[in-house]
Amino acid sequence: MLLLLNAVEDPRVQSLSIAFEPFMSPLEIKTRRPLVESLLAPYASQIGPDLPGYRNHVYRCISYAMHFLDGNPAHERLVETAFVYHDIGLWTDRELAYLEPSEAAALADNQRLGWGLDPVLLRNTIHWHHKIRPYRGPHAQVVEACRKADWIDASKGLLRKGLARSDIAAVEAAFPNLGFHDTLLRLARDYGGSTLRGGLKVMRGIVKW
């Protein structure tokens, strides 16, 4: 297989394309997403020192999801927005059952700031991102792409959802973990009283079948 590395020189959007010909379409890694940065900025003080790790988690998930969506720009704004907000309730509400607070923040900002994103799609993308089985409801293409993307990153690539290990390694190299998974364990302990109790609360609150 031929590994193709194509650097796109654009001061606004830097990207890296990876393809394993002839079996896989390119996986594009955008190292700068202005919309993501602008959406995270108002929450920087609440997320605090956890922001770099969360930011890179968001970028990794977007990279995977957009690959599953064949890089279709029609979906990019929604995917970027959904991933900025998908876990944000952990910090805004200090809540381990964070799906509903995260959805509420995204929907409120969407309405208040006039983004014009489909509120049902935005909510579903956040609400079902920890679903274990494939999502079959409305807007399944986008919701399912984001669900698979988050599971890849949550499992640190143990679940690959059809991606090559080398693709995942390239995304992880572009956006280092920076202790993000350790942050999740810490928050489970801090909010739940212990890692075990917090972990059980997380499982009950966010995992969907």
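Which helix gives the most to the lining of the largest pocket? I will come to that after a short overview. What you see above is a predicted model.

The protein chain has 209 residues, and buried residues make up 50% of them. There are eleven helices and three strands. Going from the N terminus, the three strands come before the helices, in the order β-β-β-α-α-α-α-α-α-α-α-α-α-α. Of the contacts with a separation of 6 or more, 57% are between residues 24 or more positions apart.

Now the pocket. The largest pocket holds about 510 Å³ of space. It has 21 lining residues, and H130, A154, L184, V202 and I206 are the closest to its centre. To answer the opening question, α10 gives the most to this lining, with six residues. Helices that each supply at least two lining residues include α8, residues 140-154, α10, residues 180-192, and α11, residues 195-206. By character, the lining divides into 14 nonpolar residues, five polar and two charged.

Next, the core. In soluble globular proteins, nonpolar side chains tend to be buried together. Here the largest nonpolar core has 55 residues, and those touching the most other members are I47, Y54, Y64, V79, F83 and Y85. Helix α3, residues 51-68, provides the largest share of this core, ten residues.

Take F83 as an example from that group. Leaving aside residues up to four places away in sequence, F83 touches Y54, V58, C61, I62, A65, C146, A149 and D150.

Two of those partners are cysteines, C61 and C146. How many disulfides does the structure hold? Zero. C61 and its closest cysteine sulfur, in C146, are not bonded because the two sulfurs are 8.5 Å apart, too far for a bond. For reference, the cut-off used for a disulfide is 2.5 Å between the sulfur atoms. Seen from the other side, C146 is in no disulfide either, and the nearest cysteine sulfur to it is that of C61. Are these cysteines buried or exposed? C61 is buried, with a relative accessible area of 0%. C146 is also at 0% relative accessibility, so it counts as buried.

On to the tryptophan at position 91. W91 lies in helix α5, residues 89-92. Its relative accessibility is 6%, so W91 counts as buried. Again leaving aside residues up to four places away in sequence, W91 touches Q46, I47, D50, Y54, F180, T183, L187 and Y191. Among these, Y54 is also a partner of F83. W91 and S102 are eleven residues apart in sequence, and their C-alpha atoms are 9.5 Å apart in space.

Last, the backbone. Which residue in the loop between α5 and α6 has a positive phi although it is not a glycine? That is R94, with a phi of about 50°. R94 sits in the loop that leads to α6, residues 99-112. Its relative accessibility is 57%, so R94 counts as exposed.

K161 also has a positive phi of about 50°, and K161 is not a glycine. Its place is in the loop between α8 and α9, the latter being residues 165-174. K161 is partly exposed, with a relative accessible area of 31%.

To recap: α10 supplies six residues to the lining of the largest pocket, α3 supplies ten to the largest nonpolar core, and the structure holds zero disulfides.

Terms used: Residues are numbered from 1 along each chain as its sequence is written. This is a predicted model: local features need pLDDT of at least 70, side-chain atom pairs count only at pLDDT 80 or more; totals for chains, interfaces and linings use all residues. Side-chain values use heavy atoms; hydrogens and water are left out. A nonpolar core is a set of buried Ala, Val, Leu, Ile, Met, Phe, Trp, Tyr and Cys residues joined through side-chain atoms within 4.5 Å. Buried means under 20% relative accessible area, exposed over 50%, partly exposed in between (1.4 Å probe, protein chains only). Helices (H or I, at least four residues) and strands (E, at least two) are DSSP runs, numbered from the N terminus. Contact means heavy atoms within 4.5 Å. On a 1 Å grid over the protein atoms alone, a cavity is a set of points where a 1.4 Å probe fits but cannot get out, and a pocket is an open set with protein on both sides within 12 Å along at least five of seven lines; lining residues have an atom within 4 Å of a point. Grid points are joined across faces, edges and corners, and a volume is the space filled by probe spheres set on the points. Ala, Val, Leu, Ile, Met, Phe, Trp, Tyr, Cys and Pro count as nonpolar, Asp, Glu, Lys and Arg as charged, and the others, Gly among them, as polar.
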